[in-house]
Amino acid sequence: MREHRDSATAVGDALAARLAEVEPANPEGWSVARAEAHKALDEHARAVVSEQAGQAWLATLAAHPNGTVRTIALRALGSGHDPAPQPILKQALSDPAAIVVQAALEGLTAQSSEQVFDLLVTLLNDTDGDRAWLGRAAAQRIAETSDPRRLDVLAGALGQVHDGTAHDIARVLSRAGELRVTPVLIEHLRHRRPGRFAAAEVLGNLRVAEATGPLIDVLRESDGTQALPVVEALGKLEALEAAPVIVALLDHSSPDLREGALLALNRIGGPLTTPAALKATDDVHPAVRARAFRVLAKHGDHSALGRLVAACDGRHVHTALTGLVRLADDSVAPTVARVLTTTDERRVRKLAGRILARIDVQHYLPGYDPDPRVRRAIVWVIGQRADPAHMWALINAIKDEDEVVRSRAAAALGRITHAKTLPLLTEALHDPRPRVRANAATALGRTAPAGLRSLLADSLVDSHPAVRSAAAAALRAINT
């Protein structure tokens, strides 16, 4: 066993010497020989780290004169987050080589991070060009601690960090939900610090209304997609006073920013939203047009009817119908009836049916359609309207070849008061399909004709449990 350990150490020392030999003092690129030597030492280090002798060898390697060799040793020692090598990793945080410090940061446990908290704060706030990139790993380790200062430290540092570090800190602060850090974040906005856009993201996520004014000021001075977090924050705050500034972004060259502006307006609402969305439906970018129709569907008033109706002929039909359901205007009946009878999409047909159930459709619903899916929708609409004027359609529907059409016709008859209702439902009690018989029994319970118990006598002993249950429920309904 000792010979094996000695052999592994000897191999590792040889690999380390080989890497140090092929690596120049200030490498500008990776030669093939250097890449191969790096890979060989890294693989060997990870292979022996699980052994006690391997850890001891790596501990000595962590003090090697070559920074790349030290980095490989530290990454291997920290790979399993074993408490034993943590003192070596903590000591390496003071290494002059940034890549060595990065390797040490990656391997620290939460407990070790708490012990070197102040040093992590120093690394986080180091703005030196060659070491500033260490801030991201330092921020991650700070966030993992239970130190009560961690959120205040991260909020303060957010003003000066960039890119990935700012994103990580913003995520931590948003998830923590601590409002005590918001004054510092607002100051980042007011002083136009580099991390102001990440601060805006946090303020929006935390719904800090006091940040509205500073956010608007930052947005006025910002350009390009970097302003997106500010726009999103104002949308989340539903800041009506921000609408004029956000509407102006719909003329920006960036489609992402134009779509972001529409998303914010969709949250904010207000009188400027519908005109802005109407204009954006003519945008050159398809994603912006799609977003504009969604805004119209939610906020559009009757001035948007024409645009929503026109959209029923294209890819935005489902979104357009969502808006038309809300507006429920009789003038859209011809278009919606056509959509009902021509679409192949179930969700579109369902929306069209909901609209037709709420508006005057007497002259637009077809008497018959060869597609049973359309006939089902038509009968459902009639049942929702409960208008005796459509009785003729139900007379035909209760005899339809499709059982779903017949069952829906039976349900619809239960909502209509008409002389022909009772005989049609009585006949439907003997339909060959249990779904139709059950709906007929339920409908008779709604109309509550005289002699209902005798009418349902056969249904109470029907071979299908759903029919028996419906008949019993109908009788209970008239006795309560």
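A277 is buried, at 1% relative accessibility, and this residue belongs to helix α18 (residues 273-280). The structure is a predicted model. This briefing covers the surroundings of A277 and N266, the salt bridges and the largest pocket. A search of the whole structure finds 30 salt bridges, and the largest pocket has a volume of about 310 Å³.

**Surroundings of A277 and N266**

- Leaving aside neighbours within four places in sequence, A277 is in contact with L262, A292, V295 and L296.
- The C-alpha atoms of A277 and G300 are 8.3 Å apart in space, while the two residues are 23 residues apart in sequence.
- N266 is located in helix α17 (residues 255-268).
- With a relative accessibility of 17%, N266 counts as buried, because the cut-off for buried is under 20% relative accessible area.
- When residues up to four places away in sequence are not counted, N266 touches R294, V295, K298 and H299.
- V295 appears in the contacts of A277 and also in those of N266.

**Salt bridge between D95 and R70**

- D95 and R70 form a salt bridge in which the closest N and O atoms are 3.0 Å apart.
- D95 lies in the loop between α5 (86-92) and α6 (98-107), whereas R70 lies in helix α4 (residues 67-78), so the salt bridge ties together parts that are 25 residues apart in sequence.
- D95 is buried, with a relative accessible area of 13%.
- R70 also counts as buried, at 10% relative accessibility.

**Salt bridge between D126 and R131**

- A salt bridge joins D126 to R131, with 3.5 Å between the closest N and O atoms.
- D126 is partly exposed, its relative accessible area being 24%.
- R131 counts as buried, at 18% relative accessibility, because that value falls under the 20% cut-off.

**Salt bridge between R220 and D217**

- The side chains of R220 and D217 meet in a salt bridge, at 3.5 Å from N to O.
- Both R220 and D217 belong to helix α14 (residues 212-221), where they are three residues apart, about one turn of the helix.
- R220 is exposed, with a relative accessible area of 56%, because the cut-off for exposed is over 50%.
- D217 is partly exposed, with a relative accessible area of 35%.

**Salt-bridge network**

- A network of salt bridges links D118, D147 and R149.

**Largest pocket**

- The lining of the largest pocket consists of R346, R349, K350, G353, R354, R373, R376, A377, W380, V404 and R408.
- Two or more lining residues come from each of the elements α23 (346-356), α24 (372-385) and α26 (403-413).
- Helix α23 gives the most to this lining, with five residues.
- By residue class, the lining divides into seven charged, three nonpolar and one polar.
- Among the charged lining residues are R346, R349 and K350.
- The nonpolar part of the lining includes A377, W380 and V404, and G353 counts as polar.

Note on methods:
Residues numbered from 1 in each chain as written. Predicted model: local features only at pLDDT ≥ 70, side-chain atom pairs only at ≥ 80, totals over all residues. Heavy atoms only, no water. 1 Å grid on protein atoms, 1.4 Å probe; cavity = no way out; pocket = protein on both sides within 12 Å on 5 of 7 lines; lining within 4 Å. Points joined across faces, edges and corners; volume = space filled by probe spheres on them. Helix = DSSP H or I, 4+ residues; strand = E, 2+ residues; numbered from the N terminus. Salt bridge = Lys/Arg side-chain N within 4 Å of Asp/Glu carboxyl O. Buried < 20%, exposed > 50% of the residue type's maximum accessible area, 1.4 Å probe, protein only. Contact = heavy atoms within 4.5 Å.
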